[in-house]
Amino acid sequence: MITPTLMGRSITSVRRFFNTIDLKVFGIAVVVGTWLVVWLLVGSAFLPARFDLHAGDVAPDLVRAPRTLTFENTAETERRQSQAADGVAKIYTFDATVLPRVTRNQAGYFDSVARIVAEEKAAAQAAAKAFDPAKAVQRIRELAGQPSISEASASTLASLDDARLAVVRQSVLDSTERILEGNVTDASLDTDKDRLKAVVGTMALGSAESIAAGEIAGAFLEPNNVYRADKTQQARDRAAADVQPVMVTVRSGETILTPGQVVTEDNLVTLRALGLNEQGREFSTLAGVALIIVIEVLFIAIYVNRFERRIRGSRSHQFISGSLLMLFALLDRIFAIAPLSQLLVPMAALGMLATLMLRTRMSIILVIFSCVNLTIVGGSDPQFILVGLFGGLAAAFLVTHVSQRRDLLRAGLIAGLVVVATAAGASQIGESSLSRLGSGIAWGLGNAVLSIVATIGLLTIYEMVFNLPTPQKLLELADPTRPLLKELMMKAPGTYNHSIIMGNIAESAAEVIGANQLLARVGAYYHDIGKLNRPDYFIENQFHIQNPHDRLTPGLSRLAITAHVKDGVALATEEGLPPDIIDIIKEHHGTTVLSYFYHKAREAAREGGPVDEEAYRYAGEKPASREAAIIMLADSVEAAVRSLRNPTPRRIKTVIRDIFDHRLRDGQLSESRMTFGDLEKVRQVFEKSLQGFGAMRIAYPEDQNKGRGVTGGSATRKKGQRTSTTGGGDISL
């Protein structure tokens, strides 16, 4: 059985191993590892079982959609386009030249007939014979380039005199003109010929004349409405193009084929869209997914490198960022499996976890890209990305300033309501129904509950593994019964009191500039724990004892004073305090000068030569966070105001301004991300908070205090003692 102690030692060993890896190498490894894992998880959604099926085959197995996808049913779209094209009527154009051409041809025909009859009559007369129409009939029927008519009609024409032939001719022309005034097409040509014969029949002609005239008129009739194949095809193409693509949505887990079902073209289109019936497609799909994930991970890496110094300089935070992206890619993939729904992916949990561990801006980045992964895995359903994005962002904003566990629960509940509302609204996009609304609300409620549970559970694990300064962890560290704080209170009561006052001041200052107020308060409690090794060397702990610095040279005093930073880091590391607290301990003096001992050394060395100011600076690091900067300023200000002999409000303000100006000129705040606006707000909070040091107390009458010691809150110092602000409150002589 693994005991908590053994687990703690194992975790500590892993942390130490990670800390031995070069920071840049570790960061590159996290980037590459995150890309590979996220790619495998997201890409796995495109590698379902494949089926070699064709239209008309019988499905051997049950086939379900592996993910939600909206796609075009190309088979149905083509069917509708074909129907639309077929529904376009043929296009005809009116040819105005047909009527004059037809009547001209008819007139020419009658002229030829009249000429043949006249020639045959003249030949018969020259031969002194009677006119025989037979020869004329033969010549009429054999006219070159003219339609061939029946022998009876030709005989009728040959037997007519010029006057009757002229009447027949005019009847044909008039009838043709009446018909061609309308639309005559290829399709209606036979019908229009019958109509033409009927019109001829109404003319003042004999029976034989009418038959011949009708036959001749019909022989010359041609369509005046011409079919335009090119325009018809263009119209059909436009009709087909106007057909909207038939979009189909299949949802994750939806049945596509059942065993024994005959496969249709529509089934094949669905299988191809999901990649279930197309060999070789997976390579290009996975390559596309790989490229998207590369862009995603590189974007996050560049953002961290440029804007997130805290994450860039911490192996733990780098690993947390990558692990969260991988974890929620895994959840995206798991909830894509039927009968689950990706509406259950607890993106609100990511928003809360990332904000609590990595702060708000990084949380927003991770939520956005996790929603991108969710969209890739889940297809084009807008519900998934809307619920994930709104829920994750709402959670990130709500837990930005959480300091109590109940605040976390409240934020989780509000984020859950946002998720439910978004799921309800998104369910009505595209397809509105009460059933979808009900399912959307149900999935949203499940998402909300899962988000709260996942946040609390995962936060506990991350907190334990990475020793993070979460609100819960900081509240535990703020407990005055903690071993280090109890020891500080017993061995260095003055330092303990100074730290408590500092904690209150720092918390108020952090609140007004939007910094982590709980971290600032707890950091103030522990910032001077290094004084436990030599508490008597610091003036606030010198109660009725001789000041040990009176026996030391300035150089030795410097070593004794500056050692409390290194000692504090060692104690904090041994105690297992979070890295953020250790950073505050390490940075709360920056590289400031121990001015008291520096000036004392200069006085002692006036005849021996100059004293190097750099030798009397703290060997720590400048504050790299706003919380550490607040602690530095609060430490100096509280000690300076406490040392004032007559702390009037005006003198307090002057001292505070002088310290702020000196820290700025000395470059101690150059790496803290503190703006001038932040400094002004912090200064105002300090002035307001420290006004109590200037409050006057009523002194008791001399005779009432005899033999009683000091009462009424007043205090006295041993003769010869004086106070100083040197060393930011570390030493007062």
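**Notebook: helix H28 and two other sites**

I looked first at helix H28, and I found that its buried residues pack against helix H27 (626–642) and helix H29 (676–689); here buried means under 20% relative accessible area, exposed over 50%, and partly exposed in between, with a 1.4 Å probe and protein chains only. This is a predicted model, in which local features need pLDDT of at least 70 and side-chain atom pairs count only at pLDDT 80 or more, while totals for chains, interfaces and linings use all residues. Residues are numbered from 1 along each chain as its sequence is written, and side-chain values use heavy atoms, with hydrogens and water left out.

Helices are DSSP runs (H or I, at least four residues), numbered from the N terminus. I listed the buried residues of H28 as Ile-652, Val-655, Ile-656, Ile-659, Phe-660 and Arg-663. Seen down the axis of H28, these buried residues fall within an arc of 130° (taken from the directions from the helix axis to the C-beta atoms), so they line one face of the helix. On the face turned away from that buried side I noted the exposed residues Arg-650 and Arg-665. Just after H28, I saw that Gly-667 takes a positive phi of about 75°.

I then turned to Glu-215, which lies in helix H9 (residues 207–220) and counts as partly exposed because its relative accessibility is 25%. Leaving aside neighbours within four places in sequence, I found Glu-215 in contact (heavy atoms within 4.5 Å) with Ile-149, Ser-150 and Ser-153.

Lastly I looked up Val-37, found in helix H2 (residues 23–43), and at 32% relative accessibility Val-37 counts as partly exposed.

Definitions and conventions
Helices (H or I, at least four residues) and strands (E, at least two) are DSSP runs, numbered from the N terminus.
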